Amino acid sequence: MEEILAVEQRRRETPLEKLFRDSGAFSAALLRLAVLTAILTPIILASFLTLDLAVFRFDQIFDAAAQKPSNWLSVGGLVMVGAGLLVILFSRRFGGDEAARAITAAWGVTAIAAFAGLAELSPVLQDSDFPTVRTVVAFVASAMIGQYVAVSFYDVVRGGGPWWRAPLLAALIGLGLQAAIYYPWVFLGTAAPWFFWMIADFAVKAAAAVAFLPIYKTLQRPLRPRGGFGGR
């Protein structure tokens, strides 16, 4: 009996060992957050800086001026779609909570970088160089909400059904919510045909969500979920 007690005492973790273990786990989590933030931030920043750059390439397809994609399709909007799909991959590998922390950190770093850049360039910029405050706030809020919802929804539906169900539904819901928030926020009460623009924008984003599936399938094996997160 005394020998058993002696073995149990030797196996008991000391406060110092627990401190080292917890410190190691915290450092590893902090490093993961820094890496994910470093991956996501340039995409969000590029989207923010190109928000007012319209895409004119497809205007010739439409006869009516109000229907031309350059009215609603911007480079920043397309780049932000990539960010919305990337966070789903974060959620697959590390879970929705860690993906949400990376989203928060990336947007925080983007805000700091954007304000610093504007402060540096403000002497040479004109008011016409900026989108309206209403547009910027709506864009940021809708993108953040869409990304949070996408990673949370992915976490809920992952691990069951066909492999494509979780990423496709998460992408459609996240990107669709982004469009549903942005367009009424910016254009409600104006004469702009914003409902048509919203539907057209969602159609583009739905096509991007479908195109994302082969990428997701290719990365399924390299991005196997960590223990406890489920999925295949």
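# Briefing: an all-helix packing arrangement

Helix 3 (residues 75-94) packs against helix 6 at an angle of about 140°, and the two axes lie 10 Å apart. The model is predicted. The protein holds seven helices and zero strands. Along the sequence, the pattern reads α-α-α-α-α-α-α. The points below cover helices 3, 6 and 7, then Q178, W107 and R101.

**Overall fold**

- Of the 232 residues in the protein, 34% count as buried.
- Contacts between residues with a separation of 6 or more are taken as the set here; 77% of them join residues 24 or more positions apart.

**Helix 3 with helix 6**

- An angle of about 140° falls outside the range over 145 degrees that counts as roughly antiparallel. Helix 3 and helix 6 are therefore oblique to each other.
- The crossing of helix 3 over helix 6 is right-handed.
- Helix 3 supplies M80, V81, L85 and I88 to this contact, and helix 6 supplies P167, A170, A171, L175 and Q178.
- By class, the residues of the contact of helix 3 with helix 6 are eight nonpolar, one polar and no charged.

**Helix 6 with helix 7**

- Helix 6 (residues 165-187) and helix 7 (residues 194-219) have axes 9 Å apart and pack at an angle of about 160°.
- Angles over 145 degrees count as roughly antiparallel. Helix 6 and helix 7 are therefore roughly antiparallel to each other.
- Helix 6 makes a right-handed crossing with helix 7.
- On the helix 6 side, the contact uses P167, L168, A171, L172, L175, G176, Q178, A179, A180, Y183, P184 and F187. On the helix 7 side, these residues meet W194, W197, M198, D201, F202, K205, A206, A209, V210, F212, L213 and Y216.
- The residues of the contact of helix 6 with helix 7 split into 20 nonpolar, two polar and two charged.

**Helix 3 with helix 7**

- The axes of helix 3 and helix 7 come within 11 Å and cross at roughly 40°.
- The crossing of helix 3 and helix 7 is right-handed.
- L78, V81, L85, I88, L89 and R92 of helix 3 meet V204, K205, A208, A209, F212, Y216 and L219 of helix 7.
- The contact of helix 3 with helix 7 counts eleven nonpolar, no polar and two charged residues.
- V81, L85 and I88 of helix 3 are among the residues that meet helix 7, and V81, L85 and I88 also belong to the contact with helix 6.

**Helix 3 and helix 6 along their length**

- Helix 3 has 20 residues and reaches 29 Å from its first C-alpha to its last. The expected value at 1.5 Å a residue is 28 Å, which is close.
- In helix 3, 15 of the 20 residues are buried, so helix 3 is largely enclosed by the rest of the structure.
- G95 comes just after helix 3 and takes a positive phi of about 95°.
- Helix 6 has 23 residues, which should span 33 Å at 1.5 Å a residue. The end C-alpha atoms of helix 6 are 33 Å apart, in agreement.
- G189 follows helix 6 and has a positive phi, near 90°.

**Q178 in helix 6**

- Q178 is found in helix 6.
- Buried means under 20% relative accessible area. At 5% relative accessibility, Q178 therefore counts as buried.
- Leaving aside residues up to four places away in sequence, Q178 touches M80, S142, A143 and K205.
- Q178 takes part in the contact of helix 6 with helix 3 and in the contact of helix 6 with helix 7.

**W107 and R101 in helix 4**

- W107 is found in helix 4.
- W107 has 6% relative accessibility and so counts as buried.
- Apart from residues up to four places away in sequence, W107 touches I44, M80, V140, A143, M144 and Q147.
- M144 is 37 residues from W107 in sequence, yet their C-alpha atoms are 8.1 Å apart.
- M80 is touched by W107 and by Q178. A143 is likewise touched by W107 and by Q178.
- R101 also lies in helix 4 (residues 96-121).
- R101 is partly exposed, with a relative accessible area of 47%.
- The C-alpha atoms of R101 and T37 are separated by 8.8 Å, although the two residues are 64 residues apart along the chain.

Notes
Residues are numbered from 1 along each chain as its sequence is written. This is a predicted model: local features need pLDDT of at least 70, side-chain atom pairs count only at pLDDT 80 or more; totals for chains, interfaces and linings use all residues. Side-chain values use heavy atoms; hydrogens and water are left out. Axes are lines fitted to C-alpha atoms, for helices over the stretch in contact, and angles run from 0 to 180 degrees between N-to-C directions. Helices (H or I, at least four residues) and strands (E, at least two) are DSSP runs, numbered from the N terminus. Angles under 35 degrees count as roughly parallel, over 145 as roughly antiparallel, 65 to 115 as roughly perpendicular and the rest as oblique. A crossing is left-handed if the near helix is turned anticlockwise from the far one by less than a right angle, and right-handed if clockwise. Contact means heavy atoms within 4.5 Å. Ala, Val, Leu, Ile, Met, Phe, Trp, Tyr, Cys and Pro count as nonpolar, Asp, Glu, Lys and Arg as charged, and the others, Gly among them, as polar. The expected span of a helix is 1.5 Å times one less than its number of residues. Buried means under 20% relative accessible area, exposed over 50%, partly exposed in between (1.4 Å probe, protein chains only).
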